[in-house]
Amino acid sequence: MAKNIDWGSLGFGYMETDKSYVSLYTDGKWDSGTLTADHTVTMSECAGVLQYAQTVFEGLKAYTTESGKIVTFRPDLNAERMAQSAERLEMPVFPEERFIEAVKEVVRANVEWVPPYGSGASLYIRPYMFGTNAVIGVKPADDYQFRILVTPVGPYFKGGAKPLTIKIADFDRAAPRGTGHIKAGLNYAMSLHAIVQAHKQGYDENLYPDSATRTKVEETGGANIIFIKGNKFVTVKSSSILPSITRRSLEYVAEHYLGLEVEEREIYLDELPEFEEAGLCGTAAVISPVGKIVNNGKEILIPSGMKEMGPTTKKLYDTLTGIQMGRIEAPEGWIYEIC
Ligand code: PLP
Ligand code: COI
């Protein structure tokens with residue numbers, strides 16, 4: 001029985017559910033892992049995560065399909081990316097197969113919290129890992145926790161599918177040889193000031209330019225960006241953006257389901273006025289349309305406008321969510337049935 005929640009009015013927030021998953025890394029190995037009803041964490045005041053932000057995370061979702069099954073979308077890619085994130089921050093890798101099993105286990109333990117089909121909500125799954133023992137000199141921790149919390153969520157942006165107004169950020173996000181390509185907490189800590197400022201100025205999000213030249217588009221604080229121009233699906237190629245699983249999936253959908261031409265390349269800020277549609281894509285963002293981009297006070301109006309998603313963006317959205325909710329046949333290996 002699903003919980004008695006008004007699923008349709010959920011925003012992107014946290015609520016405690018029944019169980020979280022936890023596995024501890026000590027003496028150079030992971031323990032067997034378990035479910036826990038304890039949603040708090042106790043550790044040294046000098047823990048590596050508290051002093052030097054040694055933490056990485058992932059984000060994926062569980063959905064109820066049209067036929068009533070609970071599934072998740074490409075968790076193998078989250079497992080792989082979390083391994084890459086961990087390696088970059090000198091953390092032990094939580095084995096990828098175990099990651100997938102743990103995701104299934106924690107969702108099964110919280111089935112009542114999985115929003116029903118058609119509610120517009122889903123169960124957000126947040127695997128994360130952090131250094132727990134005391135470190136005072138700058139070095140990697142010895143002990144870690146890998147945890148997964150789950151929480152039901154609605155749309156990431158208030159207003160759901162209403163086109164967003166974003167600004168070219170005044171701040172930089174990721175250096176060319178830095179950590180922009182991994183999902184480390186530190187990338188989000190440094191974006192907080194920028195997002196608070198942007199919100200105060202009336203913008204929904206920051207679109208970060210490349211920090212080396214500030215002439216090219218990178219991504220927003222929590223999503224990759226996609227553009228439509230005629231029959232082309234255009235998206236960013238950069239070694240300092242997060243390799244979004246949604247964006248990589250959309251590239252496939254664009255080519256193989258919608259017959260679009262896919263371009264993954266450098267995109268210059270100067271080119272922005274040439275695009276007909278724009279959207280932010282990610283697990284949380286799904287595809288959130290962009291209606292306006294403001295660069296140093298200069299407004300670029302995306303022709304699809306401020307009222308609704310552009311027509312091609314809508315097709316991409318319908319196809320991707322159709323695949324996730326079991327209405328449209330998925331490419332092999334994309335959908336993992338949980339129960
Ligand atoms: N870029 C950033 C900075 C993100 O935080 C996210 C969210 O995970 C994404 C892109 C989208 O990635 P994905 O589609 O794998 O969720
Ligand atoms: C996600 O889409 O899963 C993310 O982690 C983005 C975050 C900004 C909520």
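A polar contact, as the term is used on this tour, is a pair of N or O atoms within 3.5 Å. Keep that cut-off in mind while moving through this predicted model, whose two ligands are visited in turn.

**First stop: ligand 1**

Select ligand 1 together with its surroundings, which amount to 17 residues, and pick out Y188, E219, S244, T246 and T283, the ones that come nearest. Now show T246 as sticks: a polar atom of the T246 side chain lies 2.6 Å from an oxygen atom of ligand 1, and this pair counts as a polar contact because its distance falls within 3.5 Å. Turn next to T283, where a polar side-chain atom likewise lies 2.6 Å from a ligand 1 oxygen, and then to Y188, where an N or O atom in the side chain is 2.5 Å from an oxygen atom of the ligand. With these contacts in view, switch on a surface: ligand 1 exposes 380 Å² when taken alone, and the protein buries 97% of that area.

To see where the shell comes from, colour β11 (217-220), α6 (245-256) and β15 (277-282), each of which supplies at least two of the residues around ligand 1. Colouring the shell of ligand 1 by residue class gives 8 polar, 5 nonpolar and 4 charged residues. The space that ligand 1 takes is the largest pocket.

**Second stop: ligand 2**

Ligand 2 also sits in the largest pocket, and the residues to select around it are F12, F57, G59, Y124, R126, Y156, K183, G222, T283 and A284. Begin with Y124, whose side chain places an N or O atom 2.6 Å from an oxygen atom of ligand 2, and continue to K183, where the corresponding distance from a side-chain N or O atom to a ligand oxygen is 2.7 Å. At A284 display the backbone instead, since a polar backbone atom of that residue is 2.8 Å from an oxygen atom of ligand 2. On its own ligand 2 has 280 Å² of accessible area, of which the protein covers 90%.

Which domains should be coloured to follow the shell around ligand 2? Choose domain 1 (7-153) and domain 2 (164-320), each of which contributes at least three residues to that shell. By class, the shell of ligand 2 divides into 5 nonpolar, 3 polar and 2 charged residues.

Definitions and conventions
Residues are numbered from 1 along each chain as its sequence is written. Chains are lettered from A and ligands numbered from 1 in the order in which they are written. This is a predicted model: local features need pLDDT of at least 70, side-chain atom pairs count only at pLDDT 80 or more; totals for chains, interfaces and linings use all residues. Side-chain values use heavy atoms; hydrogens and water are left out. A residue is near a molecule or strand if one of its heavy atoms lies within 4 Å of it. A polar contact is a pair of N or O atoms within 3.5 Å; within protein, one must be able to donate a hydrogen and the other to accept it, and residues adjacent in sequence count only if both atoms are side-chain atoms. Accessible areas come from the Shrake-Rupley method with a 1.4 Å probe; for residues, only the protein chains shown count as cover. On a 1 Å grid over the protein atoms alone, a cavity is a set of points where a 1.4 Å probe fits but cannot get out, and a pocket is an open set with protein on both sides within 12 Å along at least five of seven lines; lining residues have an atom within 4 Å of a point. A molecule sits in a cavity or pocket if more than half of its atoms lie within 2 Å of its grid points. Ala, Val, Leu, Ile, Met, Phe, Trp, Tyr, Cys and Pro count as nonpolar, Asp, Glu, Lys and Arg as charged, and the others, Gly among them, as polar. Domain bounds come from an automatic or database domain assignment. Helices (H or I, at least four residues) and strands (E, at least two) are DSSP runs, numbered from the N terminus.
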